[in-house]
Amino acid sequence: IVKDEKGKKFWIKIILASSFLPLAFANLGMVTQHPLLNAGERLSGTFSHANILAFYVVFIIMFLFYVLRMRILRIPPFMLPLLWLYIVDLFAVLVVTQTRGAWISCAAMFLIYGLLKERKMLLVFALVAGLLLSVPLVRTRLADLTEGMDTRGGEKLNSWVWRVRLWQNAWPSIQERLLIGHGLGNFRYLSRGFAGFASEREWGVPAHNVYVELLVETGIFGLLAYLSIYATILGTFFRRIFRTKGASSTEAAVLFSYVVG
């Protein structure tokens, strides 16, 4: 799609503009607590699940960081404070989704970028992390991992332990067809037979882990094919960080950090 610098700027503007409406609805959901925009206590906005909104927000946060750091667009001075306020709002939405995986992903991106390119980002990272950890919602959500808040199958299992139990129970299915798997889309179907999960949902449960899901559905060959995509992308960006200079090196560091995250 992008063939030159002009096209690049055009699509950056399109992506930025496309984020305004979903985030407007997400903010509306935060303020009104409307059930169409919230799943229980978790903000989902226009997305089908809070987790999906959360990772979309992570993308937009890193995208805005890229735009501001690379200075690709000519942003009028009066617009800069608005963009920084937008980033603050994005972090607020990310917190209210209560998606811990997205929190870790976002933290990893800035931590990796700081280590690779700008050490001063590590100080900013520490300050923001400390600020967010002072938010009661964040502390409560992290404490859930040690307190076993979810009751599943007659046992008190927090969401992390529940996931680990699911992956462990998937192992016999993986061993049955280790090389080629059971076919795409079959994890949910097979999960109905996992010990402790058979009665949870008639339609089965999702894997909550793409690597386990691919091992079940496509075997080792499928998982290696999937990993090779990321290995190629990461290898390309990592080499560019050290083989180029200036803006090209910074751009590669941002993209490398995002893909790892």
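This text goes through a pocket, a surface patch and two backbone angles in a predicted model.

The second largest pocket holds about 1000 Å³ of space. Its lining is made up of 34 residues, and those nearest the centre of the pocket are Ile61, Ile87, Phe91, Phe110 and Val128. Five helices each supply at least two lining residues: α3 (50–70), α4 (80–97), α5 (100–116), α6 (120–133) and α7 (136–147). Of the contributors to this lining, α6 gives the most, with nine residues. Sorted by class, the lining of the second largest pocket has 30 nonpolar residues and four charged ones, with no polar residues.

The loop between α4 and α5 contains glutamine 98. Glutamine 98 is not a glycine, yet it has a positive phi of about 60°. Most residues other than glycine have a negative phi. With a relative accessible area of 9%, glutamine 98 is under the 20% cut-off and therefore counts as buried.

Histidine 208, in the loop between α9 and α10, also has a positive phi, near 60°, and is a residue other than glycine. Its relative accessible area is 36%, which means that histidine 208 is partly exposed.

On the surface, Trp171, Leu178, Leu179, Ile180, Val210, Tyr211, Ile220, Phe221, Leu224 and Leu227 make a nonpolar patch of about 940 Å². Helix α10 (residues 210–243) gives the most to this nonpolar patch, with six residues. Leucine 178, one of the patch residues, lies in the loop between α8 (159–176) and α9 (187–191). Leucine 178 is partly exposed because its relative accessible area is 35%, which lies between the cut-offs of 20% and 50%.

Note on methods: Residues are numbered from 1 along each chain as its sequence is written. This is a predicted model: local features need pLDDT of at least 70, side-chain atom pairs count only at pLDDT 80 or more; totals for chains, interfaces and linings use all residues. Side-chain values use heavy atoms; hydrogens and water are left out. Patches are made of residues with over 30% relative accessible area and no salt bridge: like charges are joined within 9 Å, nonpolar side chains (Val, Leu, Ile, Met, Phe, Trp, Tyr) within 5 Å. Accessible areas come from the Shrake-Rupley method with a 1.4 Å probe; for residues, only the protein chains shown count as cover. A salt bridge is a side-chain nitrogen of Lys or Arg within 4 Å of a carboxyl oxygen of Asp or Glu. Helices (H or I, at least four residues) and strands (E, at least two) are DSSP runs, numbered from the N terminus. Buried means under 20% relative accessible area, exposed over 50%, partly exposed in between (1.4 Å probe, protein chains only). On a 1 Å grid over the protein atoms alone, a cavity is a set of points where a 1.4 Å probe fits but cannot get out, and a pocket is an open set with protein on both sides within 12 Å along at least five of seven lines; lining residues have an atom within 4 Å of a point. Grid points are joined across faces, edges and corners, and a volume is the space filled by probe spheres set on the points. Ala, Val, Leu, Ile, Met, Phe, Trp, Tyr, Cys and Pro count as nonpolar, Asp, Glu, Lys and Arg as charged, and the others, Gly among them, as polar.
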